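Open the model in your viewer and keep the selection tool at hand. The stops below are taken one at a time.

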Amino acid sequence: MLVLSGKDISKSYGTDIITEDVSFGVNKGDRIGIVGANGTGKTTLLGMIAGETEPSSGSIFVRNDCTLGYLRQKNIFFAGGTVIGEAEKTFEHLFAMEKEIERLQISLSDHENPDFNRDLARYSALMEDYEKQGGYTYKSELSAVLRHMGFSGTDQQKQISMLSGGERTRLALACMLLRKPDILMLDEPTNHLDLRMLSWLESFLRSYQGTLLVVSHDRFFLDRIATRIFDMSGGTLTAYDGNYSEFLVKKEQRLEIMQREYEKQQAEIARQEEMITRFKQHGTEHLAKRARSREKRLSHVQRIEKPHQEQTRMKLSFDLNYKSGGEVLIAEDLAKSYGSRQLFRNVSLSIRKGEKVCIIGDNGIGKTTLLRILMGLESPDTGYLKTGYNVDFGYYDQGQQLLNENETVIGEMKDAYHLYTDTEMRSLLGRFLFKGDDVFKTVKDISGGEKAKLALLKLMLSGANTLILDEPTNHLDIESKEVVEEALTEFEGTLIIVSHDRYMLTRLPDRILELTNDGIVEYKGNFDYYLEKNESSDAADDGSSGAKSANSSGRNETDRTLELVRSSEADRQAKKQREAEERRRSRRSEELENRIFELESAISDIQEEISDPEKAQDFEWMQQQANQLAEYEEEVAALYDEWMELQ
């Protein structure tokens with residue numbers, strides 16, 4: 001059942017075209033991931049669906065009986081009050097029902113009530129409606145959602161005015177999930193979630209009964225929850241069935257097919273134009289008619305546009321000015337508290353030159369604080385810390401607090417690296433996709449993704465041999481994330497990274513260090529190894545039921561794999577048949593072209609001979625040549641007809 005659609009939607013700001021003639025359809029229960037580079041209109045599309053932004057042209061349809069919820073990426077504000085108070089507003093309709101139920105209970109306790117029968121009927125209907133709307137479960141659901149979003153115990157009594165930006169985003173997400181709208185739209189919901197929150201959110205959304213549209217750059221997340229992908233690029237929207245990994249394969253196949261079709265049509269147009277020229281050169285009325293007919297058909301051919309080329313990739317590489325000693329950092333029994341709140345204790349670690357180490361942990365555990373302690377920017381309450389010989393730190397902070405908000409982009413770079421000329425600096429900024437007048441924008445006016453790129457450029461120019469990065473892929477689009485991962489993979493120095501980007505955690509680290517309140521838990525491998533160890537632990541806790549679940553999951557995965565194999569084999573056989581038929585047609589076409597060339601040469605020779613005045617007196621010979629010429633021209637016309645059928 002169609003619950004949402006768009007037809008020929010265009011949106012522009014002045015001469016800047018965001019989307020152009022975009023059409024799509026969304027069915028009930030679809031879980032759609034919306035992807036695309038920064039600036040391709042993903043957030044704009046959600047805003048138009050939500051009715052907050054008017055399209056320049058086109059129309060959007062939302063079923064009248066569908067409720068719609070929209071979680072914005074930023075500008076999430078709440079009035080005063082507490083966390084629990086804001087979340088409870090979701091259930092105000094149930095509170096009103098509870099008051100009415102209480103009133104009716106009092107009324108029904110009075111057996112002399114003249115409206116007893118009416119109140120009893122009202123009470124029965126209300127209780128049934130209360131149960132249907134989750135009246136008996138909403139309190140436990142409210143508590144569970146808040147807990148999984150990082151608000152448990154005393155945190156639920158926090159004043160909203162005291163929450164950080166990330167906490168407000170998580171509270172807004174919790175309230176949206178509790179509302180359970182028919183169509184749920186989320187713009188970058190994973191940016192402020194730790195790994196446990198991400199895992200829970202994925203489970204929640206996979207079982208969500210409504211329709212889901214999510215703008216996200218989290219590839220792992222999209223693999224887990226999406227059943228369709230909307231790819232926004234060059235002002236257009238292309239829909240693909242499947243999750244993100246399936247989308248990547250299908251998109252590549254589609255672009256290859258489009259490129260082949262474009263090249264094939266261009267070659268065919270060139271061939272047709274050549275044949276038209278050759279027909280005209282013969283001077284016969286039959287072939288002249290064919291030339292005119294072919295010209296007319298060629299003028300009506302729907303020309304295939306050249307496939308859209310993806311935007312230029314950011315060019316990033318990290319080179320170190322000099323190497324550090326073999327031992328980079330040694331920490332023993334570090335502890336840190338703020339007032340009565342202890343972040344962590346008993347933190348001991350050792351990092352050697354060239355290692356790639358990722359630090360994970362729950363939100364609020366103190367990961368950023370630990371990074372600052374390791375660099376010497378903060379002091380631990382207790383413990384020992386030693387920095388190795390020749391260690392030069394380069395720091396990327398996730399909030400870009402090291403950037404001057406009031407400076408221009410080029411001014412920010414010139415302040416840090418003043419030996420570069422304006423031309424050299426503009427060239428460097430161009431590598432990070434700051435084009436033209438973009439370099440004169442103030443830092444406060446550029447997007448979160450552009451701020452991230454600016455901070456990465458400063459880090460690249462630092463030449464540091466030990467990079468400490470705090471959530472380096474937040475706010476970046478998927479293509480830019482891949483560029484960052486490639487650059488960090490090739491970096492010859494030492495890496496210490498805090499991240500919840502599970503693709504990066506799978507690809508990059510030699511070790512994962514999980515920060516807990518009581519120290520470090522070390523995993524000597526990447527994120528796959530971390531998951532394997534944790535799933536083994538969970539299975540041991542769950543006993544046989546866990547084994548059953550794993551076996552069931554394994555069987556489902558095997559069935560799916562076999563289905564894909566069978567489908568691939570059928571596709572392969574069909575492809576072989578198509579290729580064999582194409583080769584046959586190609587061979588026959590080549591045979592025809594060779595025969596046509598022979599006949600046209602013979603026709604040319606006969607025409608040259610009969611134009612000789614000395615032979616014009618031999619009427620019998622002339623008659624023979626004329627007959628031969630007509631026979632050849634008739635055969636050429638027939639061969640051209642067959643050749644045309646093969647094209």
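**Stop 1: a three-stranded sheet**

In this predicted model, begin with the open sheet of three strands, ordered β2-β1-β4 and paired antiparallel. Select β2 (16-27) and β4 (57-62): these are the edge strands, each with a single partner, so one side of each has no neighbour in the sheet. From one strand to the next, the twist averages 15 degrees.

Now select β1, residues 2-13. Eight bridges connect strand β1 to β2, and the two run antiparallel. To see how the strands line up, pick Gly6 and look across to β2, where Phe24 stands opposite.

Add helix α1, residues 42-49, to the view. Helix α1 packs on the sheet and touches β1, β2 and β4. The direction of α1 makes about 120 degrees with that of β1.

**Stop 2: two residues with positive phi**

Stay on strand β1 and select Asp8, which lies in that strand. What is the sign of phi at Asp8? Phi of Asp8 is positive, near 55 degrees, in a residue other than glycine. Asp8 has a relative accessible area of 35%, so Asp8 counts as partly exposed.

Next go to Asn390, in the loop between β13 (382-387) and β14 (393-396). Phi of Asn390 is near 65 degrees, again a positive value in a residue that is not glycine. With a relative accessibility of 31%, Asn390 is partly exposed.

**Stop 3: helix α6**

Select residues 165-179, which make up helix α6. This helix has 15 residues, and the distance from its first C-alpha to its last is 21 Å, close to the 21 Å expected at 1.5 Å a residue. Is α6 largely enclosed or exposed? Of its 15 residues, 13 are buried, so helix α6 is largely enclosed by the rest of the structure.

Step just past the end of the helix to Lys180. Just after α6, Lys180 takes a positive phi of about 55 degrees.

**Stop 4: cysteines**

Finish with Cys66 and Cys358. Which side of the 20% cut-off for buried does Cys66 fall on? The relative accessible area of Cys66 is 16%, so Cys66 is buried. Cys358 is also buried, with a relative accessible area of 1%. How many disulfides does a search of the whole structure find? The search finds zero.

Key. Residues numbered from 1 in each chain as written. Predicted model: local features only at pLDDT ≥ 70, side-chain atom pairs only at ≥ 80, totals over all residues. Heavy atoms only, no water. Pairing = 2+ DSSP bridges. Helix = DSSP H or I, 4+ residues; strand = E, 2+ residues; numbered from the N terminus. Axes fitted to C-alpha atoms, helices over the stretch in contact; angles between N-to-C directions. Contact = heavy atoms within 4.5 Å. Disulfide = S-S within 2.5 Å. Buried < 20%, exposed > 50% of the residue type's maximum accessible area, 1.4 Å probe, protein only. Expected span 1.5 Å × (residues − 1).
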